[in-house]
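Biologist: Could you take one small part of this protein and walk me through it slowly? I am new to reading structures, so please build the picture up step by step.

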Amino acid sequence: MKRALTLIIFICCLLTLKAQQGELVLHSIDLPDRFSQQIIRCMEQDKLGMLWFVTNEGLFRFDGNEVVHLGPETTPRIPHGNIKVLFTDANGNLWVGAQDGITRLNLTTWKTGELKFPEGTDALSRYIRTIARDHNGTVYAGTQNGKVYR
């Protein structure tokens, strides 16, 4: 019993030392000045390394130098004002989930498609809170009131 306890304490000490050696250090990214007063609500990185993020002003793509804004008045058009979640899939799409629906942006062609809900879908069932995919590549969207769409 005493040996087992000693072994467990020894293993815990080793794990603690290993964790301290592999400390995570955060480094800030220099964004253009226009974002100094913005709240970044969510972020995603696509397979080309572009950083996508959402602020109170909408959706932005940052390539390390240039910032591109996408919204209801731009081409491509992202019709949502209150974006809640971003998700990139293996097929090169950026999925934009918002309080009023979901849009898929093809990152190669820059074409968008707003996904349609069944007729009569209430507001909370359109309120996208999370997006994920399974091992087969099927994309799922979870809503404010517990519905899941695919």
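Modeller: Happy to! Let's begin with a term: two strands are said to pair if DSSP finds at least two bridges between them. Keep in mind that this is a predicted model.

Our starting point is T130, which sits in strand β9, covering residues 128-133. Strand β9 pairs with β10 in the antiparallel sense, and 5 bridges join the two. For T130, the bridge partner in β10 is G142. Look also at T143: its C-alpha is 7.0 Å from that of T130, although 13 residues separate the two in sequence.

How does the chain get from one strand to the other? β9 and β10 make a hairpin, with 5 residues between them. Within that turn, G137 has a positive phi of about 95°.

Now for the surroundings of T130. Setting aside neighbours within four places in sequence, T130 is in contact with V85, Y140, A141 and G142. Is T130 buried, exposed or partly exposed? Its relative accessible area is 43%, and because the partly exposed range runs from 20% to 50%, T130 counts as partly exposed.

Strand β10, residues 139-143, is mostly covered, with 4 of its 5 residues buried. β10 has a second partner as well: it pairs with strand β11 (residues 148-149) in the antiparallel sense over 2 bridges. Here G142 appears again, this time with V148 of β11 as its bridge partner. The hairpin of β10 and β11 has 4 residues between the strands, and G146 takes a positive phi near 90° there.

Let's step back to the protein's interior. In soluble globular proteins, nonpolar side chains tend to be buried together. The largest nonpolar core in this model has 13 residues, and W52, L59, I83, L86, L94 and V96 are those with the most contacts inside it. At least two residues of this core come from each of β2 (51-55), β5 (83-88) and β6 (93-98). The largest share, 3 residues, is supplied by β6. As a close-up, take L94: leaving out neighbours within four places in sequence, its contacts include W52, L59 and L86. Apart from this core lies another one, of 9 residues, and among them are W95, I102, V139 and A141. That brings us back to where we began, as A141 is also one of the residues in contact with T130.

Conventions:
Residues numbered from 1 in each chain as written. Predicted model: local features only at pLDDT ≥ 70, side-chain atom pairs only at ≥ 80, totals over all residues. Heavy atoms only, no water. Buried < 20%, exposed > 50% of the residue type's maximum accessible area, 1.4 Å probe, protein only. Contact = heavy atoms within 4.5 Å. Core = buried A, V, L, I, M, F, W, Y, C linked by side-chain atoms within 4.5 Å.
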